[in-house]
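Work through the exercises below with the sequence and the model at hand. Try each task before reading its solution.

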Amino acid sequence: MSDCLFCKIIAGEIPSTVVYEDDMIFAFRDIEPQAPEHIVIVPKEHIGSANEITGENSKYVAAIFEKIPAIAKELGIDKDGYRVVNNCGEYGGQTVHHLHFHLMGGRPFGWPAG
Ligand code: 5GP
Ligand code: ZN
């Protein structure tokens, strides 16, 4: 999608600090980190939100979650633990409409969510 911020980041049209990349997924540092480690992980195919996950494209979601343990280990947050967040739609607080998962660690997080 030509006007999608994360598609532009994946294409390298907008610079980012890349943490991991393969043929299916792209992981980069969030520009406004909410934790000492805050990574955004996206599918390389444009999927608008969690509402658009289907049997056809769920392989991208699987690829992201299969890689989270290795990324967390690389960041050094695997032992203490971390939070993975998806914001979907208006009430979910989604601001970029390309499916993404926030991987955050380096501090404890509260629960219930605000
Ligand atoms: P959302 O609110 O949609 O769940 O998350 C979007 C995230 O993208 C936010 O945490 C925001 O800080 C991050 N973000 C927005 N624009 C940019 C950008 O240009 N570069 C990077 N690295 N992150 C961005
Ligand atoms: Zn996109």
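## Exercise 1: Valine 96

Valine 96 has a relative accessible area of 14%, so this residue counts as buried; the cut-off for buried is under 20%. The model is a predicted one.

Task. Place valine 96 in the chain and find what it touches.

Solution.
1. Valine 96 sits in the loop between α3 (89-92) and β5.
2. Leaving out residues up to four places away in sequence, valine 96 touches Leu5 and Phe6.
3. Serine 49 is 47 residues from valine 96 along the chain, and their C-alpha atoms are separated by 8.9 Å.
4. A backbone N or O atom of valine 96 also lies 3.0 Å from an oxygen atom of ligand 1. The protein covers 85% of the 520 Å² of accessible area that ligand 1 has on its own.

## Exercise 2: Around ligand 1

Task. How many residues surround ligand 1, and which are the closest?

Solution.
1. Ligand 1 is surrounded by 15 residues.
2. The closest are Asp30, Asn87, Thr95, His100 and His102.
3. Turn next to backbone atoms. A polar backbone atom of arginine 29 is 2.8 Å from a nitrogen atom of ligand 1.
4. For isoleucine 31, the distance from a polar backbone atom to a nitrogen atom of ligand 1 is 3.3 Å.

## Exercise 3: Histidine 102

Task. Is histidine 102 buried or exposed?

Solution.
1. Histidine 102 is part of strand β5.
2. Its relative accessible area is 11%. Buried means under 20%, so histidine 102 is buried.
3. The side chains of histidine 102 and histidine 38 are joined by a polar contact of 2.8 Å.
4. Not counting residues up to four places away in sequence, histidine 102 touches Asp30, His38, Ile39, Val40, Arg83, Val84, Val85 and Asn87.

## Exercise 4: Arginine 29 and two of its contacts

Task. Which residues does arginine 29 contact, leaving aside neighbours within four places in sequence?

Solution.
1. Locate arginine 29 in strand β2.
2. With neighbours within four places set aside, the contacts of arginine 29 are Thr17, Val19, Glu37, His38, Ile39 and Leu75.
3. The side chains of arginine 29 and glutamate 37 make a polar contact of 2.8 Å.
4. The relative accessibility of arginine 29 is 34%, so this residue counts as partly exposed.
5. Now take threonine 17, in the loop between α1 (5-11) and β1. Its relative accessible area of 47% makes threonine 17 partly exposed.
6. Beyond four places in sequence, threonine 17 touches Ala27, Phe28 and Arg29.
7. Valine 19 belongs to strand β1 and is partly exposed, at a relative accessible area of 27%.
8. Outside its neighbours within four places in sequence, valine 19 is in contact with Ala27, Phe28, Arg29, Ile39 and Ile71.

## Exercise 5: Helix α2

Task. What span should the 18 residues of helix α2 have at 1.5 Å a residue?

Solution.
1. Helix α2 covers residues 58-75.
2. The expected span is 1.5 Å times one less than the number of residues, so the 18 residues of α2 should span 26 Å.
3. The end C-alpha atoms of α2 are 25 Å apart, which agrees.
4. There is a bend of about 40 degrees in α2 at isoleucine 68, and proline 69 follows within four residues.
5. The buried residues in α2 are Tyr60, Val61, Ala63, Ile64, Ile68, Ile71, Ala72 and Leu75.
6. These buried residues pack against β1 (18-21), β2 (25-29), β3 (37-43), β4 (82-85) and β5 (101-105).

## Exercise 6: Two backbone details

Task. Which residue just after α2 takes a positive phi, and which peptide bond is cis?

Solution.
1. Start from the general pattern: most residues other than glycine have a negative phi, and most peptide bonds are trans.
2. Just after α2, glycine 76 has a positive phi of about 80 degrees.
3. The peptide bond from tryptophan 111 to proline 112 is cis, with omega near 10 degrees.
4. Proline 112 lies in the segment after β5.

Terms used: Residues numbered from 1 in each chain as written. Chains lettered and ligands numbered in written order. Predicted model: local features only at pLDDT ≥ 70, side-chain atom pairs only at ≥ 80, totals over all residues. Heavy atoms only, no water. Bend = angle between axes of the 7 residues up to and from the residue. Buried < 20%, exposed > 50% of the residue type's maximum accessible area, 1.4 Å probe, protein only. Contact = heavy atoms within 4.5 Å. Near = heavy atom within 4 Å. Polar contact = N/O pair within 3.5 Å; in protein donor to acceptor, adjacent residues only side chain to side chain. Areas by Shrake-Rupley, 256 points an atom, 1.4 Å probe, with all protein chains shown as cover.
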